[in-house]
Amino acid sequence: GGVGKEEEMLRVALANCCARDTNPHCRAKALGALTAVVGFGDVECVQIALSRLGDKLLDMRLAAVDSLSRTARAGDPVVLPALRALLDEGGRQRDPLASACKNREHNAVRIAAVRALGALFPDHDPLGAEALAVTACLSDVGGGDWDAEVRDSARNVLVSLGKGELAGDLGGKEREDRYREYRIHRNNQLPEACSTMQAALPLCMADRRKANRRGWW
């Protein structure tokens, strides 16, 4: 009884620190400690982590994503959309107004969110709405995110979920797009060709063999 009471007091103290401590770094550390103390599926910890996904401090955002991946239940209909929302923000192009450091911070959170989606994938209902939404999100990130590390993380998660064929298709499409861009520049066409122009340059077998020999794939 005494041990249980001490654990509950520690839990309350950490939750209060997450919510009220004036030092943002202490709040992030407290959330990590709370995650280690509480049990799987703890509703309070999940709610605290959800509320911190948009925090200004990188450490807090990372702690929040990590906490959700360890305490939320697979297929949670609230947590999964929140994680997907992190990947929907600015994934198509690099923010030209943000510093390199800010972009790296943004990508660190996105990579953590990708891995959390893999950890919380609803294996019990692989054809359900949430499972299909997660797969679609990972496919979109794996094929269209501007950052190569984020794309690779999404494809790796797809492979871990038994969707290696889909991940391979995304990688092949990226290589084709890269070679099409090379052909556009080589032929002295517009440096920034639209997708319609790229689609008008199909890769013949000779082009594929040449790309393989020269290491463009």
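This is a short guided tour of the chain, stop by stop, for you to follow in your viewer.

**Stop 1: the whole chain**

Start with everything shown, and keep in mind that this is a predicted model. Colour by secondary structure: you should find 11 helices and zero strands. If you walk from the N terminus on, each element you meet is a helix, in the order α-α-α-α-α-α-α-α-α-α-α.

Now switch on the surface. The accessible surface of the chain comes to about 12200 Å², and carbon and sulfur atoms account for 54% of that area. How much of the chain is buried? Of its 217 residues, 41% are buried. Contacts also reach across the sequence: among those between residues at least 6 apart, 58% join residues at least 24 apart.

**Stop 2: two helices side by side**

Next, select residues 24-37, which form helix α2, and residues 58-71, which form helix α4. Two packed helices are described by the angle between their axes and the distance between the axes. Here the angle is about 10° and the axes are 9 Å apart. Angles under 35 degrees count as roughly parallel, and α2 and α4 are therefore roughly parallel to each other.

Show the side chains where they meet. On the α2 side, pick P24, H25, R27, A28, L31, T35 and A36. Facing them from α4 are D59, M60, A63, A64, S67, R70 and T71. By class, this contact has seven nonpolar, four polar and three charged residues.

**Stop 3: along helix α4**

Stay with α4 and try your distance tool on its two end C-alpha atoms. At 1.5 Å a residue, the 14 residues of α4 should span 20 Å, and the ends are 20 Å apart, which agrees. Then colour its buried residues: L58, M60, R61, A63, A64, V65, S67, L68 and T71.

Click on D59, which has its place in helix α4. Is D59 buried or partly exposed? Its relative accessible area is 40%, so D59 is partly exposed. Leaving aside neighbours within four places in sequence, D59 is in contact with H25 and A28. D59 and H25 are 34 residues apart in sequence, and their C-alpha atoms are 7.2 Å apart in space.

Now click on V65, also found in helix α4. With a relative accessible area of 1%, V65 is buried. Which residues does V65 contact, leaving aside its neighbours within four places in sequence? They are L53, L83, L86, V109, A112, A113 and A116. For another distance to check, look at L117: L117 and V65 are 52 residues apart along the chain, and 9.7 Å separates their C-alpha atoms.

**Stop 4: helix α7**

Move on to residues 129-144, which make up helix α7. Its 16 residues, at 1.5 Å a residue, should span 22 Å; the end C-alpha atoms are 22 Å apart, which agrees. Highlight the buried residues here: A131, V134, T135, C137, L138, S139, V141, G142 and G144.

For the last click, choose V141, in helix α7. V141 is buried, with a relative accessible area of 4%. Leaving aside neighbours within four places in sequence, V141 is in contact with L87, V114, V150, R151 and A154. Finally, find S153: S153 and V141 are 12 residues apart along the chain, with 9.0 Å between their C-alpha atoms.

Notes:
Residues are numbered from 1 along each chain as its sequence is written. This is a predicted model: local features need pLDDT of at least 70, side-chain atom pairs count only at pLDDT 80 or more; totals for chains, interfaces and linings use all residues. Side-chain values use heavy atoms; hydrogens and water are left out. Helices (H or I, at least four residues) and strands (E, at least two) are DSSP runs, numbered from the N terminus. Buried means under 20% relative accessible area, exposed over 50%, partly exposed in between (1.4 Å probe, protein chains only). Contact means heavy atoms within 4.5 Å. Accessible areas come from the Shrake-Rupley method with a 1.4 Å probe; for residues, only the protein chains shown count as cover. Axes are lines fitted to C-alpha atoms, for helices over the stretch in contact, and angles run from 0 to 180 degrees between N-to-C directions. Angles under 35 degrees count as roughly parallel, over 145 as roughly antiparallel, 65 to 115 as roughly perpendicular and the rest as oblique. Ala, Val, Leu, Ile, Met, Phe, Trp, Tyr, Cys and Pro count as nonpolar, Asp, Glu, Lys and Arg as charged, and the others, Gly among them, as polar. The expected span of a helix is 1.5 Å times one less than its number of residues.
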